[in-house]
Amino acid sequence: MTRKIAIITGGSRGIGRAIALRLAKSGIDSILTYKTSQVQAGDVVNQIESLGARAVAVPLDVATRDSYMSFAAVARTALEKIGATNFDFLVNNAGIGLSQPFAETTEEQFDEMTHIHFKSVFFLSQTLLPLINDGGHIINISTGTSRFVLPGYSIYASLKTAVEGLTRYMAKELGPRKIRVNVVAPGATETEFRGGFIRNNPQFKKMMEANIALGRVGQADDIAGVVNALLSDDCYWVNGQRIEASGGQVL
Ligand SMILES: NC(=O)c1ccc[n+]([C@@H]2O[C@H](COP(=O)([O-])OP(=O)(O)OC[C@H]3O[C@@H](n4cnc5c(N)ncnc54)[C@H](OP(=O)(O)O)[C@@H]3O)[C@@H](O)[C@H]2O)c1
């Protein structure tokens, strides 16, 4: 059987890192991207290789639309390096958090968040389409806050909601190529997101936990398991859907 290959944006830390490692355990190779964390990305590559899978780390700033074509060229070379011409799975995961009241959000913040969270999912996926194998799968990482409201997340959550709408359009339009497109929406997850805000603020963490049916915040591995399952053939019939992985947050 030919090995499957995933491109995971923001694979150097947090949820993206956990996804790359979980997929490696399933025998899936990865091209993972990083923006600033080159050393951490290198560590992830080493760990993937120690699990018997192959990986390449490539720099990419998803906020820079002009870089997508050159990233595609680099990805092509990276694929050659692992003996392939195409890849199978794209996980649009890279992102940053912003907690800013609606009344105080600036146009600059709006534009930066839009580039990172929506424009990149749209145009990076579009740019990489020729490299995705028919029968592949795109997973867009959204958020629980597209369903429930957390004050301060107006621009962030609105853009993730846009990604969820886009996901359904992509699933419909890519159906003829048998490419599935789904959303995984994590709830509060303890990573370096917003400078490790959950980890560093016990009171905020407690407040989150009080609203999660399973009684704790998520860990990156909780999300990685869901992505791994969704990419498996067992979930083939799931398409154009939003799967929330939040332990039952704000039910
Ligand atoms: N943690 C949560 O509570 C939570 C909840 C819901 C949804 N999410 C979503 O989950 C995804 C991953 O978040 P996380 O919790 O894993 O955050 P994280 O620990 O802060 O990791 C973010 C990752 O994204 C990369 N990144 C950030 N800005 C980038 C840019 N402009 N271009 C390319 N890469 C960029 C980072 O790369 P470098 O390290 O190289 O800078 C890093 O690999 C995000 O889309 C986030 O919105 C997170």
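1. I would begin at the ligand, where, in this predicted model, a polar backbone atom of Thr 189 lies 2.9 Å from an oxygen atom of the ligand. Taken alone, the ligand exposes 900 Å², and the protein buries 96% of that.

2. Two side chains should be read alongside that backbone contact. A polar side-chain atom of Arg 13 is 2.6 Å from an oxygen atom of the ligand, and an N or O atom in the side chain of Ser 12 is 2.7 Å from an oxygen atom of the ligand.

3. Looking at the surroundings as a whole, there are 31 residues around the ligand, and those that come nearest are Arg 13, Ser 37, Asn 93, Tyr 156 and Thr 191. By type, the residues of this shell divide into 12 nonpolar, 14 polar and five charged.

4. As for where the shell comes from, at least two of its residues are supplied by each of α1 (14-25), α4 (107-128) and α5 (154-174). The space that the ligand takes is the largest pocket.

5. Turning to the overall fold, the secondary structure of the protein comes to eight helices and seven strands, and the C-alpha trace spans about 50 × 40 × 35 Å along its principal axes.

6. Why does the radius of gyration of the protein agree with that of a compact globule? With 251 residues, a compact globule would have a radius of gyration near 18 Å, and the protein has 17 Å, so the two values agree.

How values were computed: Residues numbered from 1 in each chain as written. Predicted model: local features only at pLDDT ≥ 70, side-chain atom pairs only at ≥ 80, totals over all residues. Heavy atoms only, no water. Near = heavy atom within 4 Å. Polar contact = N/O pair within 3.5 Å; in protein donor to acceptor, adjacent residues only side chain to side chain. Areas by Shrake-Rupley, 256 points an atom, 1.4 Å probe, with all protein chains shown as cover. 1 Å grid on protein atoms, 1.4 Å probe; cavity = no way out; pocket = protein on both sides within 12 Å on 5 of 7 lines; lining within 4 Å. Sits in = over half its atoms within 2 Å of the grid points. Helix = DSSP H or I, 4+ residues; strand = E, 2+ residues; numbered from the N terminus. Nonpolar A, V, L, I, M, F, W, Y, C, P; charged D, E, K, R; others polar. Rg over C-alpha atoms; globule rule 2.2 N^0.38 Å.
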